[in-house]
Amino acid sequence: AAVCNAHARSDSVLMELCQDTSYSSNMIIATKSIKILSQVLCYCFREELAGPGLDERLDAVESLFLLLAATCTHTDTMRSILRCIVNLCNVQKTLCPRFVQLIATCLVEDMADWCSALLCEALGAIGGMQQHATQAFLPHLLKKLGQLSSIASGPEDTKVMLCTLVFQCVSAAQWKSINAQSTIEEAVRTTNLWANYRIARSAARYGHLSVCAGIVGQLHEHVSSEHLHFWLLTLEELSVGEACLRGEGGLIARLGAATSHHYKALAAIKAASTPAQSLVFQAEYMRLRCEMLQCLAQLVATCKSFCTAPPPAIAATIVQTTRDDLQKFGNITNRLRKCIKEFQTCGELYWKL
């Protein structure tokens, strides 16, 4: 920090040297200069030391990135520059749209497989910092993914990362509106089983549980052991159960369906346990999730019962007898208190987990 503070000024000898050498024809020298510039820039943004010369340093970072993207011959150098860009976006969120546009524009071009994978990783990192940062480029990402999926021997890592970016761009509620399901299915069809699992894992991470369930459902019959079969079956049932909560139909029906699938997942995770991997924590967590869903279903049913069982005519007499003002609302008071106790019990079990 002391070194960065000493050279934060634009007239610093070190900054002038790095600014000049950042355009060197020697990629190693240029990369080291950009790394120093980005570290000082991060310090300036973090300490809010706005001053002249910041735009020129950002332009130097962009210039070297564009040069490397055009040549696609320096893997380590590209990785270092992208790491600098991600660090800059992390400390200064206003830079996210600028660098997302820069990286995404290069990604949609025909580039080397390793370079495309690195660009996808950088976009994913920036997208994780700022919500919907990459959403504007969703059509281009889907087009790129469709092009790669049309090639049976296309790059696996790039397809997985593009699927991850698609999941990251949109919420589960918007999934049906973007018509991306067919593109994802084609990508799954043209990748190996391990890549399919990675795609399903990314879908679950970003809340696209129905997509995850569909992919995992095709995998549990293609594993080498019973343990892995039941583990994947657990993931499928969990994903289906959570997806039911966002489905159509009445709330009680959705909670009931979700609870049923979670109990199936609980049975599967117990079958997946081995002496070496007991999976006690996972099983207990699923059991508590089932308890929570049942508590929620009971609460909804209790609230609906107020419509069919209003307070009795003698509610005022009951209040005087019990000295409980809440009894004027009828039997729902006792039911809600029972729900409160059930939630408290469930919360204590979560706390002990």
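This briefing covers the largest pocket, a nonpolar surface patch, an unusual backbone angle and the salt bridges of one structure. The model is predicted. Its largest pocket holds about 300 Å³ of space, and the salt-bridge count comes to eight. Helix H15 spans residues 280-308 and contains Tyr285, a member of the nonpolar patch; the salt-bridged residues Glu291 and Arg287 also lie in H15.

**Largest pocket**

- The lining of the largest pocket consists of 14 residues.
- Nearest the centre of this pocket are Ala172, Lys176, Ser210, Ala243 and Arg246.
- Two helices, H12 (209-216) and H13 (226-244), each contribute at least two residues to the lining.
- The greatest contribution comes from H12, which supplies three residues.
- Sorted by class, the lining has seven nonpolar residues, four polar ones and three charged ones.

**Nonpolar surface patch**

- Phe281, Tyr285 and Leu353 together make a nonpolar patch of about 300 Å² on the surface.
- Tyr285 belongs to helix H15.
- The relative accessibility of Tyr285 is 42%, so this residue counts as partly exposed. Membership of a patch requires over 30% relative accessible area.

**Backbone at Leu279**

- The phi angle of Leu279 is positive, at about 55°, although this residue is not a glycine.
- For comparison, most residues other than glycine have a negative phi.
- Leu279 sits in the loop that runs between helix H14 (251-272) and H15.
- With a relative accessible area of 13%, Leu279 is buried, because the cut-off for that class is under 20%.

**Salt bridge between H4 and H6**

- Side chains of opposite charge can pair when their charged atoms come close.
- Glu62 and Arg98 form a salt bridge through their side chains, with an N to O distance of 2.4 Å.
- Glu62 is in helix H4 (residues 54-71) and Arg98 is in helix H6 (residues 96-107), so this pair ties together parts that are 36 residues apart in sequence.
- The two partners fall into separate accessibility classes: Glu62 is buried at 16% relative accessible area, whereas Arg98 is partly exposed at 28%.

**Salt bridges within H15**

- Glu284 and Arg287 meet in a salt bridge, at 2.5 Å from N to O.
- These two residues are three positions apart in helix H15, which means that about one helical turn separates Glu284 from Arg287.
- Glu284 is partly exposed, with 28% relative accessible area, and Arg287 is likewise partly exposed, at 28%.
- Arg287 also forms a salt bridge with Glu291, where the closest N and O atoms are 4.0 Å apart. The salt-bridge criterion is a distance within 4 Å.
- Glu291 and Arg287 are four residues apart in H15, about one turn of the helix.
- Glu291 has a relative accessibility of 27% and therefore counts as partly exposed.

**Salt-bridge network**

- Asp59, Glu62 and Arg98 are joined into one network by salt bridges that share partners.
- Within this network, the contact between Glu62 and Arg98 is the 2.4 Å salt bridge, which links helix H4 to helix H6.

Note on methods
Residues numbered from 1 in each chain as written. Predicted model: local features only at pLDDT ≥ 70, side-chain atom pairs only at ≥ 80, totals over all residues. Heavy atoms only, no water. 1 Å grid on protein atoms, 1.4 Å probe; cavity = no way out; pocket = protein on both sides within 12 Å on 5 of 7 lines; lining within 4 Å. Points joined across faces, edges and corners; volume = space filled by probe spheres on them. Nonpolar A, V, L, I, M, F, W, Y, C, P; charged D, E, K, R; others polar. Patch = residues over 30% accessible without salt bridge, like charges linked within 9 Å, V, L, I, M, F, W, Y side chains within 5 Å. Areas by Shrake-Rupley, 256 points an atom, 1.4 Å probe, with all protein chains shown as cover. Buried < 20%, exposed > 50% of the residue type's maximum accessible area, 1.4 Å probe, protein only.
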